[in-house]
Amino acid sequence: MPLSPLDIHNKEFSRGFRGYQEDEVNEFLDQIIKDYELLLREKKELEDRLVQTDERVGHFTTIESTLQKSIVVAQEAAEEVRRNSQKEAKLIIREAEKNADRIVNESLTKARRIAMEIDELKKQSKVFRSRFRMLVEAQLDLIDTDDWETLMEYDIDTTNLDKLEEKKEVY
């Protein structure tokens with residue numbers, strides 16, 4: 001067990017023949033007691049600071065461990081988000097390709113239908129043109145007939161018509 005300042009103070013030495021000067025020894029012991037008390041206080045302060053430092057180191061070690069775990073969790077979450085994003089991107093691409101195929105197929109079907117309608121309209125226009133030509137030619141033939149000349153040769157006596165009209169008025 002270590003000595004205390006009180007142990008040093010209470011220490012009594014036996015006296016011998018030609019021993020040391022008692023006052024000098026007591027002064028020296030007083031100085032040792034003061035220095036020893038100072039060293040003990042400093043030791044106690046250092047021990048207290050060591051305890052506080054250990055507590056802080058423990059606290060920081062806990063924080064470091066928590067941060068490391070948080071980083072691992074964040075990395076795992078980021079990896080999961082990346083995987084999910086890739087899956088979602090693939091699904092979006094597949095859906096877009098399906099829609100593109102559907103749109104292209106619908107467009108091709110519509111283009112074929114329009115081409116058939118154009119062909120039908122061409123056929124109808126040819127038929128209309130032929131019939132119209134035949135109608136115009138028939139009308140031209142009618143104009144070119146000699147019947148017109150015969151009509152011009154007829155001479156109608158209008159005097160007889162005037163008499164008929166007078167008779168009609170009488171009735």
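Student: Leu 29 caught my eye. Which residues does Leu 29 touch, not counting residues up to four places away in sequence?
Tutor: Leaving out those neighbours, Leu 29 touches Ile 8 and Phe 13, where contact means heavy atoms within 4.5 Å. Keep in mind that this is a predicted model, where local features need pLDDT of at least 70 and side-chain atom pairs count only at pLDDT 80 or more, while totals for chains, interfaces and linings use all residues. Residues are numbered from 1 along each chain as its sequence is written, and side-chain values use heavy atoms, with hydrogens and water left out.
Student: OK, and how far apart are Leu 29 and Ile 8, in sequence and in space?
Tutor: Along the sequence, 21 residues separate Leu 29 and Ile 8. In space, going from C-alpha to C-alpha, that pair is 7.1 Å apart.
Student: Which helix is Leu 29 in?
Tutor: Leu 29 belongs to helix α2. Helices are DSSP runs of H or I, at least four residues long, numbered from the N terminus.
Student: Is Leu 29 buried or exposed?
Tutor: Leu 29 counts as buried, because its relative accessibility is 14% (buried is under 20% relative accessible area, exposed over 50%, partly exposed in between, with a 1.4 Å probe and protein chains only).
Student: New topic. How many aromatic pairs does the structure hold?
Tutor: There's one aromatic pair in the structure. Phe 128 and Phe 132 form that pair, and their rings are stacked, at 5.9 Å centre to centre with 10 degrees between the planes. Rings of Phe, Tyr and Trp (its six-membered ring) pair if their centres lie within 6.5 Å; planes under 30 degrees apart count as stacked, over 60 as edge-to-face and the rest as tilted.
Student: Where do Phe 128 and Phe 132 lie?
Tutor: Both lie in helix α2, which covers residues 22-143. Phe 128 and Phe 132 are four residues apart, about one turn of the helix.
Student: And why is Phe 128 called exposed?
Tutor: Phe 128 gets that label because its relative accessible area is 57%. Phe 132 has 47%, so Phe 132 is partly exposed.
Student: Last thing: which residues does the UniProt annotation "coiled-coil region" cover?
Tutor: In the unreviewed UniProt entry, that annotation covers residues 29-56 and 86-124. It may be inferred rather than shown by experiment.
Student: What does the model have in residues 29-56, helix or strand?
Tutor: Residues 29-56 are 100% helix and 0% strand, with the end C-alpha atoms 40 Å apart. Residues 86-124 are also 100% helix and 0% strand, and the end C-alpha atoms there lie 56 Å apart.

Key:
Helix = DSSP H or I, 4+ residues; strand = E, 2+ residues; numbered from the N terminus.
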